[in-house]
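Here is a short report on one protein model. Keep the sequence and the 3D view open while you read.

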Amino acid sequence: MDEATKHPRSVCCIGDIHGYINKLQSLWSNLQAHIPPSHFESALIIFLGDYCDRGSNTPQVLDFLISLPSTYPNQTHVFLCGNHDLAFAAFLGVAPAPCDGSEFRETWSEYEMNEEREGWYKGEEYERMHVQGRRWAGKMSGFNHVKKTEYKGSIYDAGPTFESYGVPHGSFDLIKAVPAEHKKFLADMVWVHEEDNVCIETEEGIKQCKLIAVHAGLEKNRGVEEQLKYLKARDTRIPKVEALSGRKNVWEMPKDLDSCSTILVSGHHGKLHTEGLRLIIDEGGGLEHNPVAAVVLPSMKIVRDTDRPSK
């Protein structure tokens with residue numbers, strides 16, 4: 001047994017937060033209580049994306065996340081980009097520019113048949129926006145049959161994010177209202193994270209694996225290396241990034257990884273699902289009364305914001 005397996009580093013993968021600062025603070029306290037102090041201080045913390053929308057405290061959530069590297073200098077923090085975060089960044093004009101110099105308007109055509117139904121943003125400077133930024137700031141009302149809730153402003157439920165920065169939904173003034181440090185955080189998010197020598201408890205004992213973290217998952221029937229390449233490049237020429245926003249097509253482990261010792265961890269799906277080395281950690285789904293969850297490796301312990309300290 002090598003050193004990494006004898007003394008495995010703690011790895012915490014934290015599910016979608018969606019603007020709920022109280023849930024994030026409670027979850028962080030519970031992680032601190034669950035993990036021995038020396039392990040917590042040196043832990044790898046991977047946030048699985050979707051920091052904004054639905055909840056009403058997006059600025060406070062971003063402030064909390066931004067503060068972590070200076071508050072916990074011996075931890076390693078990874079901030080993955082979720083589909084909501086990419087759309088928020090796209091509206092603000094801080095998403096990565098297309099690598100070939102093309103314009104964001106070239107992302108519209110594939111989905112333009114939905115423009116009227118989804119009420120895409122058509123206000124100031126809409127011509128320069130990625131399709132997801134226009135969808136994010138658009139106007140959508142009625143009942144969301146997937147979430148079983150009313151839409152909150154747009155198809156992304158972005159209304160609470162606008163309001164949390166003190167501007168009406170769909171207002172271009174949001175660009176002035178969002179502080180520079182929040183824009184930098186959104187501009188710097190990674191689309192995928194790979195980590196070697198991560199330990200996980202299995203039925204056969206502790207196993208040392210590679211870990212891939214990506215917001216929604218990897219497409220089952222597409223080559224993993226091809227997907228990792230565009231994710232590392234943060235290729236915004238793509239109108240809809242399946243690894244950040246797919247559903248059934250990214251739920252399972254990709255064929256290329258079936259026989260590899262690779263953990264694939266995601267959020268996004270509004271479910272908590274652990275099957276073998278495929279981990280989906282999003283018990284909250286952005287819904288007010290659901291908990292925000294995290295998985296701690298190697299133990300595979302699920303920690304929630306709603307957990308009560310044991311007496």
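Helices (H or I, at least four residues) and strands (E, at least two) are DSSP runs, numbered from the N terminus. This protein has 12 helices and 12 strands. Its radius of gyration, taken over C-alpha atoms, is 19 Å. The globule rule (2.2 Å times the number of residues to the power 0.38) gives 19 Å for 311 residues, so the protein is as compact as a globular protein of that length.

The model is predicted: local features need pLDDT of at least 70, side-chain atom pairs count only at pLDDT 80 or more, and totals for chains, interfaces and linings use all residues. Residues are numbered from 1 along each chain as its sequence is written, and side-chain values use heavy atoms, with hydrogens and water left out.

## The whole protein

The C-alpha trace spans about 60 × 45 × 35 Å along its principal axes. Of the 311 residues, 56% are buried. Buried means under 20% relative accessible area, exposed means over 50%, and partly exposed lies in between (1.4 Å probe, protein chains only).

A contact means heavy atoms within 4.5 Å. Take the contacts with a separation of 6 or more: residues 24 or more positions apart account for 65% of them.

About 14000 Å² of the protein is exposed, and carbon and sulfur atoms supply 49% of that area. Accessible areas come from the Shrake-Rupley method with a 1.4 Å probe; for residues, only the protein chains shown count as cover.

Now the charges. There are 35 positive and 45 negative side chains. Lys and Arg count as positive, Asp and Glu as negative, while His and the chain ends are not counted. The centres of the two sets lie 2 Å apart, with each charge placed at NZ of Lys, CZ of Arg, CG of Asp or CD of Glu.

## The core

A nonpolar core is a set of buried Ala, Val, Leu, Ile, Met, Phe, Trp, Tyr and Cys residues joined through side-chain atoms within 4.5 Å. The largest one here has 95 residues. Phe47, Leu65 and Phe91 have the most contacts inside this core. Helix 5 (residues 83-92) gives the most to it, with 7 residues.

Look at Phe91. Leaving out residues up to four places away in sequence, Phe91 touches Tyr121, Arg128, Met129, Gly133, Trp136 and Ala137, and also Phe162, Ser171, Phe172, Leu174 and Ile175.

## Helix 11 and what follows

Which residues of helix 11 (residues 224-233) are buried? They are Val224, Gln227, Leu228, Tyr230 and Leu231. Their cover includes strand 6 (193-202), strand 7 (205-213) and helix 12 (242-245).

Just after helix 11, Arg234 takes a positive phi of about 50°. Then comes the loop between helix 11 and helix 12, where Pro239 lies. Pro239 and Glu110 are 129 residues apart in sequence, yet their C-alpha atoms are 7.6 Å apart in space. Beyond its neighbours within four places, Pro239 contacts Thr107, Glu110, Tyr111, His130, Val131 and Gln132.

Helix 12 holds Ser245. With neighbours within four places left aside, Ser245 is in contact with Asn83, Ala216, Lys240 and His268.

Strand 7, part of the cover of helix 11, holds Leu211. Not counting residues up to four places away, Leu211 touches Ile46, His193, Glu194, Glu195, Val198, Ile263, Val265 and Leu297. Leu211 and Arg222 are 11 residues apart along the chain, and their C-alpha atoms are separated by 18 Å.

## Buried residues in loops, a helix and a strand

The table lists five residues that count as buried.

| Residue | Place | Relative accessible area |
|---|---|---|
| Asp53 | loop between strand 2 and helix 4 | 0% |
| Asp157 | loop between strand 5 and helix 8 | 2% |
| Leu211 | strand 7 | 0% |
| Pro239 | loop between helix 11 and helix 12 | 16% |
| Ser245 | helix 12 | 16% |

## Backbone details

Asp53 is not a glycine, although its phi is positive, about 70°. Asp157 is not a glycine either, and its positive phi is about 60°.

Where does Pro298 lie? Pro298 is in the loop between strand 11 (293-297) and strand 12 (301-304). A cis peptide bond joins Leu297 to Pro298, with omega about 10°.
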